Amino acid sequence: MRFDIVTLFPDSFTSILSSGLIGKALAKQIAQVNLINPRDFTTDKHRKVDDEPYGGGVGMLMKPEPIFAAVESLPVLPRREVILMSPQGQTINQPLLRELATNYDQLVVICGHYEGVDERVLHLVTREISLGDFILTGGEIPAMALINGVMRLLPGTVGKVESLKSESFEEGLLDYPQYTRPANFRGWKVPDVLLSGNHTEIAKWRLEQQIKRTGDRRPDLLKAWLEEKGGKDGELGTPGGD
């Protein structure tokens with residue numbers, strides 16, 4: 001997959017693109033990331049990318065010309081999405097990341113800054129995406145989250161495909177508790193069932209824990225999961241204890 005990131009601050013991506021699984025995925029050419037600075041597409045001697053909003057108001061807006069020129073300089077792959085990171089967009093969730101990873105070969109991601117972008121930039125955009133209901137100084141951090149979430153779903157990025165399927169949100173529930181050695185740490189013991197070697201009972205315990213944890217922490221998710229399964233409260237049995 002090809003990622004084209006339109007950003008005034010390309011250096012802010014250096015660490016995330018060179019670290020961990022993302023760095024390895026890029027080294028293996030599972031994905032390609034290109035950083036495009038709209039300032040390089042300005043035509044005035046001051047390389048101006050922002051201006052005051054018509055009608056007055058606080059702050060500055062990113063001008064449309066450099067953004068259009070930056071995006072139009074890119075190759076166009078057949079399955080392409082042009083995304084504006086915006087607090088007014090669709091909130092990132094796991095189904096969205098999975099859709100982008102599966103259905104597209106090129107993601108062009110525009111990072112807004114200042115008070116936002118000129119409204120006419122939306123003529124370029126096919127989707128607006130948000131990290132959540134809060135405001136940051138720019139779209140770079142949300143773009144990093146999007147890149148990370150999509151790239152880790154691409155085949156070959158994560159070694160064990162099974163680990164992706166069992167994670168929080170993949171099946172509509174939060175993840176179950178997990179433990180490693182030692183079996184007893186400061187009096188906190190690993191549940192006996194995990195030491196039993198009985199994989200049927202372990203699977204049952206894990207599902208019970210997922211239901212319990214989701215109900216405690218994200219009842220909205222549990223409600224949606226129950227509705228999808230066609231069940232009602234209590235039909236799946238009482239979740240097991242800690």
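So, glycine 230: this residue comes right after helix 9, and its phi is positive, near 80°. Helices here are DSSP runs of H or I with at least four residues, strands are runs of E with at least two, and both are numbered from the N terminus. Keep in mind that this is a predicted model, where local features need pLDDT of at least 70 and side-chain atom pairs count only at pLDDT 80 or more, while totals for chains, interfaces and linings use all residues. Residues are numbered from 1 along each chain as its sequence is written, and side-chain values use heavy atoms, with hydrogens and water left out.

Back to helix 9, residues 219-229. Which of its residues are buried? That's Leu221, Leu222, Trp225 and Leu226, where buried means under 20% relative accessible area and exposed means over 50%, with a 1.4 Å probe and protein chains only. Looking down the axis, they fall within an arc of 135°, so they line one face of the helix; the arc is taken from the directions from the axis to the C-beta atoms. Part of what covers them is helix 8 (199-217), with contact meaning heavy atoms within 4.5 Å. Flip to the other side of helix 9 and you find Lys223, Glu227 and Glu228 exposed.

Okay, next stop, strand 5 (80-91). With five residues, strand 5 gives the most to the lining of the largest pocket. A pocket is an open set of points on a 1 Å grid over the protein atoms alone, where a 1.4 Å probe fits, with protein on both sides within 12 Å along at least five of seven lines; lining residues have an atom within 4 Å of a point.
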